[in-house]
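Subject: Handover of a structure for your review

Dear colleague,

Please find below the structure that I am passing on to you. My findings follow it.

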Amino acid sequence: MYELHIANKNYSSWSLRPWLLLSELGMPFRERLVPFAQGDGASWRAFRAFSPNGKVPCLHDGDTVVWDSLAIVEYLAERHPAVWPSDPLARAWARCATAEMHSGFAALRNRCGMNCGVRIRLPDDLPAAVHADMARIDELWSEGLSRFGGPFLAGAAFGAVDAFFAPVAFRIQTYGLTLGDAAGAYAGRLLELPAMRRWYADALQETWRDPGHEREAQQSGTLLQDLRIPAG
Ligand SMILES: N[C@@H](CCC(=O)N[C@@H](CS)C(=O)NCC(=O)O)C(=O)O
């Protein structure tokens, strides 16, 4: 059985991607959650026990170790046809959008880190680069939905491209980010997926607080709500 190593569900956007893909496509796997450790380089040292680059997510399949969320997706795609769309046009588009997410949207990622359990009001003077990232997400999602007919980005079935954008849906919820009608409705559909709801519920139950991620959240705007159970 696959073993997927991940970090805190509240913060770890990279972990969410393969976890959601495995869960929504019904591929049996064992979850191994190792929370972020405190101190300089401490997470890297802890994650090195199972991940060659000291990062999560990392998939183990018997003796095969696959690190990096995109490599995991491609590894799974060799075994499970539902990871990418069967239509070549939709597949090419889904791969482009997935790669764009993997290597892009740095302004949004850095300015609005994933923190599922809190609600934050962003300041009015948000950097233009964040607006540009959101505009591109709106454009990309709207294009996929209209071109392939929805309800998912590359057509009727949930796949890797949806899993890659799932952390954006949590960011939209946390920071009150807005999109056009089609893209906004799609974000809502992602949040309603059974596995997204499970991830979210687990995130709210976490008692770990990682100082770095908490500082980022505080600096990003005004904290409106913290829906997590109290820190342990
Ligand atoms: N490009 C990598 C990024 C992985 C990554 O940055 N993971 C973060 C957690 S969300 C991590 O392991 N950080 C630990 C550290 O930097 O010490 C992927 O797609 O898997």
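The residues of the shell around the ligand divide by character into seven nonpolar, six polar and two charged. This and everything that follows refers to a predicted model. There are 15 residues around the ligand, and those that come nearest are Trp-14, Ser-43, Trp-44, Lys-55 and Ser-69. Three helices, α1, α2 (42-47) and α3, each supply at least two residues of this shell.

Two of these helices appear again where the domains meet. The protein is divided into domain 1, residues 2-81, and domain 2, residues 83-199. The centres of the two domains, taken over C-alpha atoms, are separated by 20 Å. To the contact between them, domain 1 gives 17 residues and domain 2 gives 18 residues. On the side of domain 1 that touches domain 2, α1 (13-24) and α3 (69-77) each supply at least two residues. The most comes from α1, with eight residues. By character, the residues of this side of domain 1 are 10 nonpolar, four polar and three charged.

The nonpolar interior should be considered together with this contact. The largest nonpolar core has 64 residues, and Ala-94, Leu-153 and Ala-160 are those with the most contacts inside it. Helix α7, residues 160-175, gives the most to this core, namely 11 residues. Where does this core lie with respect to domain 1 and domain 2? Both domain 1 (2-81) and domain 2 (83-199) give residues to the core, so it lies between them.

Leu-153 deserves a separate description. If its neighbours within four places in sequence are left aside, Leu-153 is in contact with Ala-94, Ala-97, Trp-141, Gly-144, Leu-145, Val-161, Asp-162 and Phe-165. One of these partners, Ala-94, is also among the residues with the most contacts inside the core.

As to the overall fold, the protein has 10 helices and six strands. Its radius of gyration is 17 Å, close to the 17 Å that the globule rule gives for 232 residues, so the protein is as compact as a globular protein of that length. Along the principal axes, the C-alpha atoms fill a box of roughly 50 × 45 × 25 Å. Buried residues make up 40% of the 232 residues. Among contacts between residues at least 6 apart in sequence, 71% join residues at least 24 apart.

Several backbone features may be of interest to you when you inspect the geometry.

Cis peptide bonds:
- Val-56 and Pro-57 are joined by a cis peptide bond, with omega about 5 degrees. Pro-57 is found in the loop between α2 and β3 (58-61).
- Gly-150 and Pro-151 are likewise joined by a cis peptide bond, with omega about 0 degrees. Pro-151 lies in the loop between α6 (128-148) and α7.

Positive phi values in residues that are not glycine:
- Asp-68 has a phi near 85 degrees, a positive value in a residue other than glycine. Asp-68 is found in the loop between β4 (64-67) and α3.
- Phe-105 has a positive phi of about 55 degrees, although it is not a glycine. Phe-105 is placed in the loop between α4 (88-103) and α5 (106-111).

Are Asp-68 and Phe-105 buried or exposed? Asp-68 has 19 other C-beta atoms within 10 Å, and a residue needs 20 or more to be buried, so Asp-68 is partly exposed. Phe-105 has 21 C-beta neighbours inside 10 Å and therefore counts as buried.

Finally, I would draw your attention to Ala-7, in the loop between β1 (2-6) and α1. With 23 C-beta neighbours inside 10 Å, Ala-7 counts as buried. Neighbours within four places in sequence aside, Ala-7 is in contact with Ser-12, Ser-15, Val-34, Pro-35, Phe-36 and Val-56. Of these partners, Val-56 is one of the two residues in the cis peptide bond with Pro-57 described above. Ala-7 and Arg-45 are 38 residues apart along the chain, and their C-alpha atoms are separated by 13 Å.

With kind regards

Technical notes
Residues are numbered from 1 along each chain as its sequence is written. This is a predicted model: local features need pLDDT of at least 70, side-chain atom pairs count only at pLDDT 80 or more; totals for chains, interfaces and linings use all residues. A nonpolar core is a set of buried Ala, Val, Leu, Ile, Met, Phe, Trp, Tyr and Cys residues joined through C-beta atoms within 7 Å. A residue is buried if 20 or more other C-beta atoms lie within 10 Å of its own, exposed if 12 or fewer, and partly exposed in between; C-beta atoms are placed from the backbone. Helices (H or I, at least four residues) and strands (E, at least two) are DSSP runs, numbered from the N terminus. Domain bounds come from an automatic or database domain assignment. Two residues are in contact if their C-beta atoms, placed from the backbone, lie within 7 Å. Ala, Val, Leu, Ile, Met, Phe, Trp, Tyr, Cys and Pro count as nonpolar, Asp, Glu, Lys and Arg as charged, and the others, Gly among them, as polar. The radius of gyration is taken over C-alpha atoms; the globule rule is 2.2 Å times the number of residues to the power 0.38. A residue is near a molecule or strand if its C-beta atom, placed from the backbone, lies within 6 Å of it.
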